[in-house]
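User: Please take a close look at the nonpolar interior of this model and at the aromatic side chains associated with it. A formal, connected account would be appreciated.

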Amino acid sequence: MKCEGVIRNVIEKECEDYYLGLVDLSQVKNTLVKKYKSLIAEYPRAISIGVTLPYLTLEELCTNKKQPYDVTNCQLKSITSHLSKLIEENGYQALDMPKSSKMTDGSRVSFHEAVAHLADMGRIEGNLLVTPEVGSKVNWGTVLTNAPLLTC
């Protein structure tokens with residue numbers, strides 16, 4: 001798929017260990033989709049990007065608990081901004097969702113994790129998205145668009 005290859009090239013300039021999912025939100029029945037129906041009507045498709053948190057020893061984690069999230073937040077901001085720009089240059093609309101968004105589906109699951117779940121990246125457990133490979137040690141970002149992701 002040509003479009004997926006372009007997206008992967010953008011992501012791989014920022015990180016090596018990542019998740020990528022594409023989902024047509026207009027075809028999904030979910031409380032999040034219902035809650036944000038006007039947003040999804042304008043941007044019916046989503047690109048879900050997950051950056052795996054770097055492995056840190058217990059000592060490193062105790063020193064600075066936010067550091068891994070700061071690093072991956074910067075990577076996600078760069079990736080989502082770049083993807084949005086590429087999509088817009090091709091004549092479509094795109095909205096990169098900032099990581100600081102407090103959008104939830106009512107169950108305290110973040111918008112990013114809910115979209116990743118809808119893209120089959122993992123399952124929701126409690127208020128976290130859990131992947132089969134690394135559990136919840138993934139930081140998620142989202143780009144909403146009206147581009148035909150499966151055919152571009």
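Analyst: The account below begins with the core, continues with its aromatic pairs, and then turns to a buried threonine, a helix and a loop.

This is a predicted model, in which local features need pLDDT of at least 70 and side-chain atom pairs count only at pLDDT 80 or more, while totals for chains, interfaces and linings use all residues. Residues are numbered from 1 along each chain as its sequence is written, and side-chain values use heavy atoms, with hydrogens and water left out.

A nonpolar core is here a set of buried Ala, Val, Leu, Ile, Met, Phe, Trp, Tyr and Cys residues joined through side-chain atoms within 4.5 Å. Buried denotes under 20% relative accessible area, exposed over 50%, and partly exposed the range in between, with a 1.4 Å probe and protein chains only. The largest such core has 23 residues, and the members that touch the most others are Val23, Leu25, Phe111, Met121, Trp140 and Leu144. At least two residues each are supplied by strand 1 (18–24), helix 2 (31–35), helix 3 (37–42), helix 6 (111–118) and strand 6 (138–145). Helix 6 gives the largest share, five residues. Helices (H or I, at least four residues) and strands (E, at least two) are DSSP runs, numbered from the N terminus. Separate from this core is a second one of 18 residues, including Leu76, Ile79, Val143 and Ala147.

The structure contains two aromatic pairs. Rings of Phe, Tyr and Trp (its six-membered ring) pair if their centres lie within 6.5 Å; planes under 30 degrees apart count as stacked, over 60 as edge-to-face and the rest as tilted. The pair of Tyr19 and Trp140 is tilted, because the ring centres are 5.7 Å apart and the planes stand at 45 degrees. Since Tyr19 lies in strand 1 and Trp140 in strand 6, this pair ties together parts that are 121 residues apart in sequence. Tyr19 is buried at 11% relative accessible area, and Trp140 is buried at 0%. The rings of Tyr36 and Phe111 also have centres 5.7 Å apart, but their planes are at 90 degrees, so this pair is edge-to-face. It links distant parts of the chain, with Tyr36 in the loop between helix 2 and helix 3 and Phe111 in helix 6, 75 residues apart. Tyr36 is buried at 16% and Phe111 at 1%.

Phe111 is also one of the residues touched by Thr142, where contact means heavy atoms within 4.5 Å. Thr142 belongs to strand 6 and is buried, with a relative accessible area of 0%. Its side chain makes a polar contact of 2.9 Å with that of His112; such a contact is a pair of N or O atoms within 3.5 Å, and within protein one must be able to donate a hydrogen and the other to accept it, while residues adjacent in sequence count only if both atoms are side-chain atoms.

Among the other residues that Thr142 touches is Thr80, which is buried in helix 5, as are Leu76 and Ile79. The C-alpha atoms at the ends of helix 5 (residues 67–89) are 33 Å apart, which agrees with the 33 Å expected for 23 residues at 1.5 Å a residue; the expected span is 1.5 Å times one less than the number of residues. Gly91, with a positive phi near 90 degrees, follows helix 5.

Finally, Asp120 lies in the loop between helix 6 and strand 4 (123–125). Asp120 is exposed, at 67% relative accessibility, and has a positive phi near 65 degrees. Most residues other than glycine have a negative phi.

Methods:
Lists of a residue's contacts leave out its neighbours within four places in sequence.
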